[in-house]
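Please go through the structure below with this briefing at hand. It is arranged by topic for quick reading.

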Amino acid sequence: MVSESLSNYFKTHLNDVLDIDTKLSKLFSKEEHTNPFDKITTKRLISLIESLRIVDPAVGSGAFPMGILNKLVFILSKLDPQNTFWKQAQIEAIERDVKDPILKEKLIQQAESLARTES
């Protein structure tokens, strides 16, 4: 259910991408280790992940949200192995949404620091 939900979400927003079903299958596959998308589509996918909101259909078991989280981490590791695009998306969100300049600077420094330690 997790892969189907994410696949439908991505297809809804990437209906202009050729051969989207095959590329998404490769992206979700544990046997395939490369990113099947070009740089522009990769950035679009990362943006879609960054703006994704999840509703748990079972309301309480936690299996679906944990499954989504694990799948998103797996997908991001293929799309952006060095966290370059993800870090930039996080910094842009901080700059856009955080109004306090001191907090904004601390959060940006933290995002930079975390990106260095994870790559």
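What follows is a short overview, then bullet points by topic.

The model is predicted. The protein has 6 helices and 0 strands. Its 119 residues include 33% that count as buried. The largest nonpolar core has 22 residues, and the count of salt bridges comes to 4.

**Overall build**

- Along the sequence the pattern reads α-α-α-α-α-α.
- The C-alpha trace spans about 45 × 35 × 25 Å along its principal axes.
- The protein exposes about 7,800 Å². Carbon and sulfur atoms supply 55% of that area.
- Take the contacts between residues at least 6 apart in sequence: 62% of them join residues at least 24 apart.

**Nonpolar cores**

- Which residues have the most contacts inside the largest nonpolar core? They are Leu-6, Phe-10, Phe-37, Ile-75 and Leu-79.
- Helix 1, helix 2, helix 3 and helix 4 each supply at least two residues of this core. Helix 4 gives the largest share, with 6 residues.
- Another core lies apart from this one and has 5 residues. Among them are Ile-91, Ile-94, Val-98 and Ala-111.

**Phe-10 and the aromatic cluster**

- Phe-10 is buried, and its relative accessible area is 0%.
- Beyond residues up to four places away in sequence, Phe-10 touches Leu-24, Phe-28, Leu-45, Leu-48, Ile-49 and Ile-75.
- How many aromatic pairs does the whole structure hold? A search finds 2.
- In one pair, the ring centres of Tyr-9 and Phe-10 are 5.7 Å apart and the planes stand at 50 degrees, so this pair is tilted. The tilted class covers angles that are neither under 30 degrees nor over 60.
- Ring pairs join Tyr-9, Phe-10 and Phe-28 into a cluster.

**Salt bridges**

- Side chains of opposite charge can pair when their charged atoms come close.
- Lys-11 forms a salt bridge with Asp-21, and the closest N and O atoms are 2.9 Å apart. Lys-11 lies in helix 1 (residues 2-13) and Asp-21 in helix 2 (residues 20-28), so the bridge ties together parts that are 10 residues apart in sequence.
- Both partners are partly exposed: Lys-11 has a relative accessible area of 28%, and Asp-21 has 45%.
- Asp-16 and Arg-44 also meet in a salt bridge, at 3.1 Å from N to O. This pair links distant parts of the chain, 28 residues apart. Asp-16 sits in the loop between helix 1 and helix 2, and Arg-44 in helix 3 (residues 39-51).
- Arg-44 counts as partly exposed, at 28% relative accessibility.
- The side chains of Arg-96 and Asp-97 form a further salt bridge, again with an N to O distance of 3.1 Å. Asp-97 is partly exposed, with a relative accessible area of 47%.

**A buried threonine**

- Is Thr-41 buried or exposed? Thr-41 counts as buried, because its relative accessibility is 7% and the cut-off for buried is under 20%.
- Thr-41 has its place in helix 3.
- Leaving aside neighbours within four places in sequence, Thr-41 is in contact with Leu-14 and Val-17.

**Positive phi in loops**

- Asp-19 is not a glycine, yet has a positive phi of about 55 degrees. Asp-19 lies in the loop between helix 1 and helix 2. Asp-19 is partly exposed, with a relative accessible area of 49%.
- Asn-83 is another residue other than glycine with a positive phi, near 60 degrees. Where is Asn-83? Asn-83 lies in the loop between helix 4 and helix 5 (84-97). Asn-83 is buried, with a relative accessible area of 17%.

**Nonpolar surface patch**

- Which residues form a nonpolar patch on the surface? They are Met-66, Leu-69 and Val-73. Together they have about 280 Å² of accessible area.
- Val-73 is found in helix 4 (residues 63-79). Helix 4 also supplies the largest share of the 22-residue core.

Technical notes:
Residues are numbered from 1 along each chain as its sequence is written. This is a predicted model: local features need pLDDT of at least 70, side-chain atom pairs count only at pLDDT 80 or more; totals for chains, interfaces and linings use all residues. Side-chain values use heavy atoms; hydrogens and water are left out. Patches are made of residues with over 30% relative accessible area and no salt bridge: like charges are joined within 9 Å, nonpolar side chains (Val, Leu, Ile, Met, Phe, Trp, Tyr) within 5 Å. Accessible areas come from the Shrake-Rupley method with a 1.4 Å probe; for residues, only the protein chains shown count as cover. Helices (H or I, at least four residues) and strands (E, at least two) are DSSP runs, numbered from the N terminus. Rings of Phe, Tyr and Trp (its six-membered ring) pair if their centres lie within 6.5 Å; planes under 30 degrees apart count as stacked, over 60 as edge-to-face and the rest as tilted. Buried means under 20% relative accessible area, exposed over 50%, partly exposed in between (1.4 Å probe, protein chains only). Contact means heavy atoms within 4.5 Å. A nonpolar core is a set of buried Ala, Val, Leu, Ile, Met, Phe, Trp, Tyr and Cys residues joined through side-chain atoms within 4.5 Å.
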